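Here is a short report on salt bridges. Look at the sequence and the model before reading on.

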Amino acid sequence: MKSGVSNITSQSEAFEKWMVENPVKPPCTSACPVNADIQSFVSLVAQGRFRESLDAVRERCTLPGSLGRICHHPCEGECRRNDVEGAVNIRAIKRFAADICTDEPHYTPVPKTQGKRVAIVGGGPAGLTAAYDLAEDGFDVTIFEKNDACGGAIYVGVPKYRLPKNIVAWDVAAIASLGVDIKTNTTIGKDIQFDDIAKDYDAVLVAIGLSVSRNIPIPGHDAEGVLLALPFLKEANFNDNATVGKRVVVIGGGNVAFDVARSARRLGAEEVNLCCLECESEIPAFSWELEEAAEEGIKINPSWGPKEIKVKDDKVTGIVFKRCTRVFDENRMFNPAYDECELLEIDADNVIMAIGQGADMTGFTGTSLEVDGRGRITWDPATLKTNLPNVFACGEVVTGPGSAVAAVRNAHHAATAIERFLTTGKAEAVVMPEPIPIGKLPDFTIEAITRKEKNLVPMVEPAERVKSFAEVEAGFDIQTAIYEAQRCMNCSRGADIIPEKCAACLTCVRVCPFGAPYIAEARVANFSWESCQACGICAAECPGNAIQVAFNDDTKINEAIDAGTSGITVFGCQYAVPTVKNPASKATPAPPGVNMVRLMCTSRLDIQHLLRAIENGVDGVAVLACPDDKCRYRKDINWAEVRTERARRIIEAAGIGADRITFMGSPGSPEAFDEMMGEFKAKLNELGANPLSKVLVK
Amino acid sequence: MIVAEPKPVEEIKKMLDGYDKVLMVGCGTCTTVCLTGGEREVDLMATAVRLMHKVEGKDIQIGQQTILRQCDWEYIDELQNVEDYQAIVSFACGAGIQGLARRFTNIPVMPGVNTNFIGFNEEYGLYSEQCKACGECILDKTGGICPVARCAKGLLNGPCGGTNNGKCEISSDKDCAWVLIYNQLEGQGKLDQFKQILAPKDYGKAGNIRMLDLRK
């Protein structure tokens, strides 16, 4: 496992352990379809540890570059920072983690220790995700993909202006690097027979998605100039000479319809009308698609149903719509009603149908895989199994249309089912653990939180956008990404009480700026996770050592301290991290001989941490002051300075010399940090070796 | 609660000269609450003393245990392997320190703190003396404000000539207890109480070697 979790054997086990150990998760993770550990990857970006962030993203969001661009980010909708001044821009941070690491090497192949082979039919988001999980678990995985490259709908269908194809290729390459064998241009039923695969492999996963666009059997639907969404999008993506008429009408109100309409504009259509059954408030596409399409001059016509396509000499000349008065009936079933008296006629050179997709089951006809009367694979959503003992299915082909990230979730589920089937020989229902989100921020806590304005993702101007298929959204630069990541409040990763040690002394209640601790009925302190901001002031002040902070626990801090046994050990909060010099490095590089210990907030700094570093034999210890302009914590007392002072008194009394521990300003740049370290080093050279090591690092 | 302050680490180190196996015992009640003798402070002092010995090239083994109270036999008896140590440093108030000294008579017991007073926890880390344990409480007559503890002279009938716009002559940051008493009684409409002369206290009740037997 890349995450290095010891004695955990599978991806699913690692996820389950993380979920079960503490099912209370921040709202972003709870809202995320794949329940990604968002705080971890956001925090790693905040610390300048980009490569580690990317690895953390990929654990659940297996296609970071792609999902960092096209995910509909329900995480941000639930971010508790919405109640302060605006959600953390999580999707942009995820994209940043991918983009900054594109020149980094991918992984080395995972040894195929399981001795079992898994075939995956379809290399879209679902198939790729299952391949990632199963390869990580040590299975020998082969993907059969009918196109010339993997990615499925996000490769063929999603337009380049939203998702450049080299990004998809990069995501696929990362998964391939784990040792996944990808056979492209391989069509089931033509190049290879499904029954042979089912026989030759220990398990098979069918994840073929929905790759066939539907047409509407209205008069004129087969005329020249009537196009289907997916073939049209494929042309737009891969044929540099693709063209479209000057006047285009797109039928459909989903995201694919908007992709089609916006692509048509880029191919030269001057007048693009998008007509859909739904009224404005019911249009199923994401709200930002509507906004951006309108900016690009696309006319959106809600509540219109296609009646007939006007044809002259077998060619499309226009289309007539009838007023749609209702899409869903009282039982919320799709059952549109029309007013045939109200009509709309639009002249058109092309009419493009974007009303939905179906599965391409041609390669499975006549095989032993059972398909129901509507052409859908017979499938058990609990076991993810088909009628065949070793064949599973996942993704849109069985769940129906949905987002890419929803397919990724279903694929994690399927990979878990397959891993258990291959390990135990039994296909049993797999229950994915569900997180419990923490509650809203109380008003008094909102008051106490320092405001940090949200950074929006820069977009190309609409007039410029429609000229080409160049990507419309720019990513964050390093400084913006770090700043934005630092806005994360680390919900639910804060303080917790060890009741048997609590003296109910009220110290935590008094020092917390956010009103999180309270004395519970049993006369012990307790913490409102809704309020806690994980700064750690309380943990470092609790006289009974009765508080632990999940995000910054002593074990992890001490490990970081013990990494330094000579030279200088520096304590700083994540906001005091100097500007990153080497963007894609695993960690922000510190000058030679400097061991950085990062705390969420320097208020977490304990006198013991300082003394531990000294006892380890380092020449000196520096505590970086909080950069006030960046700090998101409220502090009435400079705790780090107070504690540094006491540590200085203790080492002075011990004959080690107070000046070996220093509280210094916050470096604004890596150069300033180097300079500060240089000056401190010179001072330490004058002091000579730490009496506890007797060796001075010059 | 009983309020104590940490002893300078140099003083603790000096007490321990000649010992290389020492037990430091924290108290989980008053001295924990006043941030002086709980597990955290014991940890810190143990680290500090160990560092000092290391600098001198000496080895010292320091055991650390914190019990709920050092002024109760039952809790003292929760301490483990005490006989393995050559000396004990107690981080309890004077009562607790002596509790250990009475239980472990063969082992020298040192104070890790200075016990100061019976006080009130004003705010984080700030304590004020409120009670002298005089054995004859008169708070009913003084508006709930104790002149014995809070008047610099402990006057039973004040204020004295040193009162200075509500402050005491000894320091401008100390309130004159008798002005506080006056204001409190005035607010309660009981200034007549202020005019009553309080009789001298029986200081015998505040004498040494006191015992209290509620079983009688």
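Buried means under 20% relative accessible area, exposed means over 50%, and partly exposed lies in between (1.4 Å probe, protein chains only). A salt bridge is a side-chain nitrogen of Lys or Arg within 4 Å of a carboxyl oxygen of Asp or Glu. Helices (H or I, at least four residues) and strands (E, at least two) are DSSP runs, numbered from the N terminus.

This is a predicted model, where local features need pLDDT of at least 70, side-chain atom pairs count only at pLDDT 80 or more, and totals for chains, interfaces and linings use all residues. Residues are numbered from 1 along each chain as its sequence is written, chains are lettered from A and ligands numbered from 1 in the order in which they are written, and side-chain values use heavy atoms, leaving out hydrogens and water.

The structure holds 60 salt bridges over all chains. Three of them are listed here.

| Pair | N to O distance |
|---|---|
| Arg51(A) and Glu104(A) | 3.7 Å |
| Glu296(A) and Arg266(A) | 2.8 Å |
| Lys153(B) and Glu169(B) | 3.8 Å |

Take Arg51(A) and Glu104(A), which form a salt bridge. They link distant parts of the chain, 53 residues apart. Arg51(A) sits in helix H4 (residues 50-58) of chain A. Arg51(A) is buried, at 7% relative accessible area. Glu104(A) is partly exposed, at 21%.

Next come Glu296(A) and Arg266(A), joined by a salt bridge. This pair is 30 residues apart, with Arg266(A) in helix H13 (residues 255-266) of chain A. Glu296(A) is buried at 1%, and Arg266(A) is buried at 7%.

In chain B, Lys153(B) bridges to Glu169(B). The pair ties together parts that are 16 residues apart in sequence. Both Lys153(B) and Glu169(B) are exposed.
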